[in-house]
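Dear colleague,

I am passing on the structure we spoke about, and it is placed just below so that you can look at it first. My notes on what was found follow after it.

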Amino acid sequence: MKTIYDIQQLLKRFGTIIYIGDRVADLELMEEEVKELYKAQFIEAKDYQTAILLLRHEAQLLREKSK
């Protein structure tokens, strides 16, 4: 898992498609969904950690860009 697209595909495998229209909000909601998948033990710790890191990094870049 190397991109946000990869995370979207992971979520799609579990029937979750996220599109709100606000990219930062999309990323935050994806983070919550990944957390729930991990808590339910549907994804491994490595995938969870990688996904959270990517999502938070991308959200931070977008927040800084909008300032």
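To begin with one residue, Glu28 lies in helix H2, and with a relative accessible area of 38% it counts as partly exposed. Glu28 and Ile43 are 15 residues apart in sequence, and their C-alpha atoms are 18 Å apart in space. Please keep in mind throughout that this is a predicted model, and that the values below were computed from it.

As for the overall architecture, the protein chain has 3 helices and 0 strands, and read from the N terminus its elements follow the order α-α-α. The radius of gyration is 12 Å, close to the 11 Å that the globule rule gives for 67 residues, so the chain is as compact as a globular protein of that length. Taken along the principal axes, the box filled by the C-alpha atoms is roughly 35 × 20 × 20 Å.

Buried residues account for 27% of the 67 residues in the chain. Of the contacts between residues at least 6 apart in sequence, 47% join residues that are at least 24 apart. The chain exposes about 4,900 Å², of which carbon and sulfur atoms supply 51%. With regard to charge, there are 11 positive and 12 negative charges, and the mean positions of the two sets are 3 Å apart.

You may want to look at the aromatic rings next, where the count comes to 2 aromatic pairs. One of them is formed by Phe14 and Phe42, a tilted pair with 5.7 Å from centre to centre and 50° between the planes. This pair links distant parts of the chain, since Phe14 sits in the loop between helix H1 (4–13) and helix H2 (23–39), while Phe42 sits in the loop between H2 and helix H3 (45–66), 28 residues apart. Phe14 is partly exposed, at a relative accessible area of 34%, whereas Phe42, at 53%, is exposed.

Another pair is made by Tyr38 and Tyr48, whose ring centres are 4.3 Å apart and whose planes stand at 15°, so the pair is stacked. Because Tyr38 lies in helix H2 and Tyr48 in helix H3, this pair ties together parts that are 10 residues apart in sequence. Tyr38 has a relative accessibility of 34% and therefore counts as partly exposed.

The loop between H2 and H3 also holds Gln41, which deserves a look at its backbone. Most residues other than glycine have a negative phi. Gln41, although it is not a glycine, has a positive phi of about 60°. The residue is exposed, with a relative accessibility of 69%.

Finally, which residues does Leu62 touch, if those up to four places away in sequence are not counted? Leu62 is found in helix H3, and its contacts on that basis are Arg23, Val24 and Leu27. Its relative accessible area is 22%, and since buried means under 20%, Leu62 counts as partly exposed. Leu62 and Ile17 are 45 residues apart in sequence, with 21 Å between their C-alpha atoms.

With best wishes

Key
Residues are numbered from 1 along each chain as its sequence is written. This is a predicted model: local features need pLDDT of at least 70, side-chain atom pairs count only at pLDDT 80 or more; totals for chains, interfaces and linings use all residues. Side-chain values use heavy atoms; hydrogens and water are left out. Helices (H or I, at least four residues) and strands (E, at least two) are DSSP runs, numbered from the N terminus. The radius of gyration is taken over C-alpha atoms; the globule rule is 2.2 Å times the number of residues to the power 0.38. Buried means under 20% relative accessible area, exposed over 50%, partly exposed in between (1.4 Å probe, protein chains only). Contact means heavy atoms within 4.5 Å. Accessible areas come from the Shrake-Rupley method with a 1.4 Å probe; for residues, only the protein chains shown count as cover. Lys and Arg count as positive and Asp and Glu as negative; His and the chain ends are not counted. The place of a charge is taken as NZ of Lys, CZ of Arg, CG of Asp or CD of Glu. Rings of Phe, Tyr and Trp (its six-membered ring) pair if their centres lie within 6.5 Å; planes under 30 degrees apart count as stacked, over 60 as edge-to-face and the rest as tilted.
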